[in-house]
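User: Could you go through this one with me? I have some loose questions and will jump around a bit.

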Amino acid sequence: MLTDTHCHLFYPDLKTDIENVLQRANALGVTKFICVGTNLDDSAECLKLAEDHESIFATAGIHPHDANDAPDDFLKQLSDLLMHNKMVAVGEIGLDYFRNISDPAIQRSVFKDQLELAKFTDLPIVFHNRDADDDTIRMLAEHGPGKGIAHCFSSTLETAEAFMQLGYFISFSGNLTFKNSHLPEVAKEIPLNRVLVETDSPYMSPEPHRGKPNEPGRTRFVAEKLAEIHDLPFEEIAKHTTENAVELFRLT
Ligand SMILES: [Zn+2]
Ligand SMILES: [Zn+2]
């Protein structure tokens, strides 16, 4: 039984077909889903999906791409959303200097405020880091709650070790399966009690579905790849990653 620790189920392709999406996932052994918000509106949509489906849990946060558009009272609005008992984390938050869709200074300010919010509400974080290793590590050390996920990990082993030292889990998505990826080398070194799996649906479709819209069931392919990397039975990977998710997000 697997948990997809990061999917964006509010995208129309997934949301309008949600019953079938969940059923296809169940058939592949994926039975719990963390629906991750990227702004105030879609965080509310995540909550609605979580209210309607026992197996879906939600997070609320402002993604670095959305940081420019965060309203003045975003922390108050996030706090209100996070009060609900199916809200399990603050996210998706972080820094993205690859695309720089939001001004970097604004990204850092919105990230910092949400790190402090996670500490205050005693919730884990789901964070995104692209080409921003140094600032992410520094800000996590200064302001982070010390629990959460480096989602869709794509950086170096050195960065993974810094995140783990600060208390964070490393989550792999479909890019672990891409040909010529350096990530299998990194994944090999991550202890099984620190690793998670995700799809980042509808993005990041794993092999053999690369380039097509992704859905949560494909967590299966990421877990299978991890099993191959560690030379362990699939069941062992499923057991560890799910236990880690249940513990981190306090899933019931
Ligand atoms: Zn992301
Ligand atoms: Zn995401």
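User: Leaving aside neighbours within four places in sequence, what is His230 in contact with?
Analyst: In this predicted model, His230 is in contact with Lys188 and Ile237 once its neighbours within four places in sequence are left aside, where contact means that the C-beta atoms of two residues, placed from the backbone, lie within 7 Å. Residues are numbered from 1 along each chain as its sequence is written, and chains are lettered from A and ligands numbered from 1 in the order in which they are written. As the model is predicted, local features need pLDDT of at least 70 and side-chain atom pairs count only at pLDDT 80 or more, while totals for chains, interfaces and linings use all residues.

User: How far apart are His230 and Lys188, in sequence and in space?
Analyst: They are 42 residues apart in sequence, and 6.1 Å separates them in space, C-alpha to C-alpha. His230 itself lies in helix α9, with helices (H or I, at least four residues) and strands (E, at least two) taken as DSSP runs and numbered from the N terminus.

User: Is His230 buried or exposed?
Analyst: Neither, since it is partly exposed, with 17 other C-beta atoms within 10 Å. The scheme calls a residue buried if 20 or more other C-beta atoms lie within 10 Å of its own, exposed if 12 or fewer, and partly exposed in between, with C-beta atoms placed from the backbone.

User: Switching to the loop between β8 and α9, which residue there has a phi near 60 degrees?
Analyst: Asp200 is one of them: it lies in that loop, and its phi near 60 degrees is a positive value in a residue other than glycine. Met204, placed in the loop between β8 and α9 as well, has a positive phi of about 60 degrees although it is not a glycine.

User: And how many C-beta atoms are around Asp200 and Met204?
Analyst: Asp200 has 25 other C-beta atoms within 10 Å and is therefore buried, and Met204 is buried with 21.

User: Where does Pro202 sit, and what is the peptide bond from Ser201 like?
Analyst: Pro202 has its place in the loop between β8 (195–197) and α9 (219–230), and the peptide bond that leads to it from Ser201 is cis, with omega near 5 degrees. A cis peptide bond also runs from Gly91 to Glu92, with omega near 15 degrees, and Glu92 lies in strand β4.

User: On to the core, then. Which residues of the largest nonpolar core touch the most other members?
Analyst: Cys35, Ala58 and Val90 do, out of 73 residues in that core; a nonpolar core is a set of buried Ala, Val, Leu, Ile, Met, Phe, Trp, Tyr and Cys residues joined through C-beta atoms within 7 Å. Strand β4 (residues 87–96) supplies the largest share of this core, six residues.

User: What does Val90 contact?
Analyst: Apart from neighbours within four places in sequence, the contacts of Val90 include Thr59, Ala60 and Gly61, together with Leu82, Gln114, Leu117, Ala118, Leu123 and Ile125.

User: How do α3 and α4 pack?
Analyst: Helix α3 (residues 40–52) packs on helix α4 (residues 74–82) at an angle of about 5 degrees, with 11 Å between the axes, and that makes the two roughly parallel. The axes are lines fitted to C-alpha atoms, for helices over the stretch in contact, and the angles run from 0 to 180 degrees between N-to-C directions; those under 35 degrees count as roughly parallel, over 145 as roughly antiparallel, 65 to 115 as roughly perpendicular and the rest as oblique.

User: Which residues make that contact?
Analyst: Leu40, Ser43, Ala44 and Leu47 come from α3, and Phe74, Gln77 and Leu81 from α4.

User: And how exposed is Gln77?
Analyst: Gln77 is partly exposed, having 16 other C-beta atoms within 10 Å. Its C-alpha atom is 30 Å from that of Thr242, and the two residues are 165 apart in sequence.

User: Last one, on the whole chain: how many helices and strands are there?
Analyst: The chain has ten helices and eight strands. Its radius of gyration is 16 Å, close to the 18 Å that the globule rule gives for 252 residues, so the chain is as compact as a globular protein of that length; the radius is taken over C-alpha atoms, and the rule is 2.2 Å times the number of residues to the power 0.38. Of the 252 residues, 51% count as buried.
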